[in-house]
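Student: I'm new to this one, so please take a close look at a single part with me: the salt bridges. Walk me through them slowly.

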Amino acid sequence: MHNVLVTGGCGYIGSHTAIALMEEGCRVVIADNLSNSDARSIDRIEKITGLRPVLERTDISDAEACHQLFERHAIDAIIHFAAHKYVNESVREPLRYYRNNFVSTLNLLREMQLHQVRHFIFSSSCTVYGEPDTLPVTEESPVKQAMSPYGNTKQVIEEILSDCCKADENLHVIALRYFNPIGAHPSGEIGEIPHGIPQNLLPYLTQTAIGIRECLSVYGNDYDTPDGSCIRDYIHVYDLAKAHVCAMNRMMRKQQKQNYEVFNISTGNGYTVLQLIKTFEKVSGKKLNYKIVGRREGDIPKIWADTRKANEELGWKAAYDLEDMLRSAWQWEQRMQQEG
Ligand code: UD1
């Protein structure tokens, strides 16, 4: 049984991944400072799995607190989610983003050296591809100049991890480049809990459908796409969670081709914002109030993934389609409304 440290494990993707790991028989220690998440995630994880993960309310960007964490727990592998994640906010507050995202990763890497922890999975993003020249993007597609400090932290941390793997052949790292995770756990017990006004499409959309927000703004309908709205490759968060289990098994079973590897994690299918809205209306039976507004600065017109490397080498494939994702997101929004 592996002991896995999940940083940011009370958050949206982290909590789903903790569940997937526990279902696989792993012992999970969650380190979370709860700055953008909720300790009630622990109860929800227990309700779904029947087991309670250990919660350490720790800020891993605090070097001493991070050190104490590794003194208290014997860790076999780390999945590192804890990071600031909003593009706009990162443009306004670059230092806060650089400090938090870099320092926490560097602290973890230092403790890994001290405690001989050799397995690390990094939560990266398709944002590293910037505006791609050709679609779909493969892992060989060039990494482009980052469009935001947030994006830059993902790129530079990938480089740091790659350099560390070159310097130490005993270190094993997989960076997973997520596309657009949406949806909620099939049990309906856990999902995304946005703090404040959502910046991402899905929580804004479901909050509009339930009446918390008045109207969804669609950012642009004059892009070079079939209906003019942007194309993204959406992935069900529980499929994404399972990709982490496959990545961990690959490292533990020594199946990596190199000790630093990257994988695109998504479905490989691109949908426009307007297609997504139509599909949501179909699965929810609700008419969505939306309007077309101007483009959002920094938006990529279209991106979707070539997922063959993950399918073939990780042995992972997305199981849920867009309707499943939207149905579960809607079910979760209604659940949150009921619970107040
Ligand atoms: C961006 C980042 C991603 C990051 C994520 C988290 C890039 C390329 N991607 O994803 O790395 O993890 O933010 O913040 O930098 N939209 C609307 N109305 C809304 C909200 C969004 O029309 O109210 C549209 C956007 O224009 C976009 C799509 O919906 O086309 C998805 O947007 P969003 O959910 O914010 O994710 P990304 O911008 O793709």
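**Salt bridges up close**

Tutor: Let's start with Asp299 and Arg232, which are both buried (under 20% relative accessible area; over 50% is exposed and in between is partly exposed, with a 1.4 Å probe and protein chains only). Keep in mind that this is a predicted model, where local features need pLDDT of at least 70 and side-chain atom pairs pLDDT 80 or more, while totals for chains, interfaces and linings use all residues. Residues are numbered from 1 along each chain as its sequence is written, and side-chain values use heavy atoms, leaving out hydrogens and water.

Asp299 and Arg232 form a salt bridge (a side-chain nitrogen of Lys or Arg within 4 Å of a carboxyl oxygen of Asp or Glu), with their closest N and O atoms 3.4 Å apart. This pair links distant parts of the chain, 67 residues apart: Asp299 sits in the loop between strand E13 and helix H10, and Arg232 in strand E9 (DSSP runs numbered from the N terminus, at least two residues for E strands and at least four for H or I helices).

Helix H10 turns up again with Glu313, whose side chain meets that of Lys257 in a salt bridge at 3.3 Å, N to O. Lys257 is in the loop between helix H8 and E11 while Glu313 is in H10, so the pair ties together parts 56 residues apart in sequence. Glu313 is partly exposed at 26%, and Lys257 is exposed at 61%.

Now try Glu46 and Arg52, which meet at 2.6 Å, N to O. Glu46 is partly exposed at 32%, as is Arg52 at 45%.

There's also a network of salt bridges linking Arg44, Lys47, Glu189, Arg335 and Glu339. Across the whole structure, a search finds 26 salt bridges.
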